[in-house]
Amino acid sequence: MAQVIDDFARTIQLDELWSDPYPIYRTLRENQPVAWVPAANRYLLTRHSDIAYLEKHPEIFSAAETHSLMIRVMGLTMLRQDGADHLRERKAAEPALRPRMVKQRWTPAFQRIADELIDGFRDRGEADLFTEFAAPMAAKCLAAVLGLADVPAQDLQTWSQAMMDGTGNYADDPVVWQRAESAARGVERAVDAAIERLSAHPDDSVISAMLHAEDPLTPRQIRDNIKLFIGGGLNEPRDATTVGTYALLTHPEQRARVEADPSRFKDVFEETVRWVAPIGMYPRQTTMETELGGTVLPAGAKLGIVLASANRDESVFDNPDTFDIDRTGRVHLAFGGGPHFCLGTWTARAQVGAVALPTLFRRLPGLRLSGAEPVRWGGWVFRGLLNLPARWDV
Amino acid sequence: MPKIVYVQPDGTETALDVDAGTTVMRAALAAGVQGIVAECGGNAMCATCHVYTDPSDSDRLPAVGDDEDEMLDCTAGAREDGSRLSCQLPITEAMEGLAVRVPREQV
């Protein structure tokens, strides 16, 4: 039996994970919750309990991965450091992203952005809400929060994708490296212009917070961390917006209750990121030999922490594959945990749960899938919808 | 080693002898006390280690800081007079016998 299971992990292909990882994760959770998966060149951790344990023990499970492609693309960011170095950079950014700032400063800005985008296409009665709403909304909101409001949304989207492709360029494709490096240079130029402006005139943005922190970050640290925020802060709210919209459009009974009581969009957001975690997997590396889930991991072992699987763990969630806004006791791991707990959590809750989703359903009456073409899903490290063709009444 | 008592919504009590220097949150996690989630690991950023203290104990607890005050407005269980984030309560000898109630809703 052990042999058969071992063989299963060895047969997993990345394109299968990309198409639909969930049946694969279920088999791994049941049989080999910490499995060496050659195609990913990592041990994949798939059970909620093992991941919750890992997140409480950063001294064993380090974020400072060796030979990290993220470091090659972005430089050394807070996401690939541990301990005091990580905390110093994180704390510098934090004032711009705390809940009170998000509520008072950013939520009204997010609302203006959502309304302007919807004004642009509402009379047409149809749109692909991925390309015309969720993606530009995420980019414009991110630009505002970072302190790059004058950077075109399309540039941010292009840079984000190019850097993300670079961090996943295990095939060593030179064209991908070239695009990622060019994106990184673009971000650096934009950040340098912002630093010049914000040095003399501080505001509420992330770059300004980093510049004027009690222990200010250097220009290089600001540039590299902003690359991280652009690479990793755009697709998640975008994907939570499209997946949350799709979920309500395909669950009419829940949609009716949410439209009758918009305070429940908060639950829609949490259940959306549980159901399809925008960040499906993140890397860690062991600092010492340790045992987890019945597997002995050597020191220096590369791990893939599969949040997408933890969020579908049947030992924690009843009917885990079902979208259900009535779940109580939100213990999903979509935002990770421990020292690297998502810094954008409160921003995402506001942007998607308080603004994007309620505004779409309020302003587009009779919103429905267009049926002209099927919706498509993709991804496992990052997962979401690839389109969202929709219609409404005009 | 002060004793800290964690009281669940159903009245079940867990008494822990805790080293000074840790926090009410960390001691709970280490002992597996139900209902203390502590997603962010003690950074006052997640509001999932909320506990209720008796307001009469406020003299022997540190004052509520700005970040903690902000997060206490984001808790799942209603904020009350004695609401605290247990990650912001470092254990001191003065806290001997402190009782904290775990809220029914943490997340």
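**Entry 1: A:R238**

I began with A:R238 and found its place in helix α13 of chain A, which covers residues 235-249. Since this is a predicted model, I looked up the confidence values alongside the geometry: the model scores ipTM 0.91 and pTM 0.95, and for chain B the mean pLDDT is 94, with 100% of its residues at 70 or more.

Is A:R238 buried or exposed? I noted a relative accessible area of 15%, and because the limit for buried is under 20%, A:R238 counts as buried. Setting aside neighbours within four places in sequence, I listed its contacts as A:F130, A:A134, A:A135 and A:A138. I also took the C-alpha to C-alpha distance from A:R238 to A:T131, which is 9.6 Å in space for a separation of 107 residues in sequence. For polar partners of the side chain, I recorded a contact with the side chain of A:D239 at 2.9 Å.

**Entry 2: A:S62**

I then turned to A:S62, which I located in strand β3 of chain A, residues 61-62. Its relative accessibility is 7%, and A:S62 therefore counts as buried. The side chain of A:S62 reaches the backbone nitrogen of A:A64 at 2.9 Å, while, with residues up to four places away in sequence not counted, A:S62 touches A:D82, A:R284, A:Q285 and A:T287.

**Entry 3: where chain A meets chain B**

Next I looked up the contact between the chains, to which chain A gives 20 residues and chain B gives 16 residues. The area buried between chain A and chain B is about 1,600 Å², and carbon and sulfur atoms give 52% of that area. I noted 7 residue pairs in polar contact between the two chains, both residues of each pair being at pLDDT 80 or more. On the side of chain A that touches chain B, the elements giving two or more residues are α6 (83-93) and α7 (99-121), and by class I recorded 9 nonpolar, 4 polar and 7 charged residues on that side.

How many salt bridges are there between chain A and chain B? I noted a count of 4, and one that I looked up individually is A:R98 with B:E70, whose closest N and O atoms are 2.7 Å apart.

**Entry 4: salt bridges within chain A**

Over all chains the structure holds 38 salt bridges, and I followed some of those within chain A. A:R105 pairs with A:D204, the closest N and O atoms being 3.0 Å apart. Because A:R105 lies in helix α7 and A:D204 in the loop between α10 (174-200) and α11 (206-211), this pair ties together parts that are 99 residues apart in sequence. I found A:R105 partly exposed at 33% relative accessibility, and A:D204 likewise partly exposed at 31%.

A:E132 forms a salt bridge with A:R124 at 2.9 Å between the closest N and O atoms; I noted A:E132 as partly exposed at 26% and A:R124 as partly exposed at 46%.

What does the salt bridge between A:D326 and A:R264 tie together? With closest N and O atoms 2.9 Å apart, it links the loop between α16 (307-310) and α17 (345-363), where A:D326 lies, to the loop between α14 (252-260) and α15 (265-275), where A:R264 lies, so parts that are 62 residues apart in sequence are tied together. A:D326 is partly exposed at 36% relative accessibility, whereas A:R264 is buried at 17%.

Finally, I noted that salt bridges sharing partners join A:K91, A:E94, A:R98, B:D67 and B:E70 into one network.

Key
Residues numbered from 1 in each chain as written. Chains lettered and ligands numbered in written order. Heavy atoms only, no water. pLDDT = per-residue confidence, 0-100. Helix = DSSP H or I, 4+ residues; strand = E, 2+ residues; numbered from the N terminus. Buried < 20%, exposed > 50% of the residue type's maximum accessible area, 1.4 Å probe, protein only. Contact = heavy atoms within 4.5 Å. Polar contact = N/O pair within 3.5 Å; in protein donor to acceptor, adjacent residues only side chain to side chain. Buried area = accessible area lost by both parts, 1.4 Å probe. Salt bridge = Lys/Arg side-chain N within 4 Å of Asp/Glu carboxyl O. Nonpolar A, V, L, I, M, F, W, Y, C, P; charged D, E, K, R; others polar.
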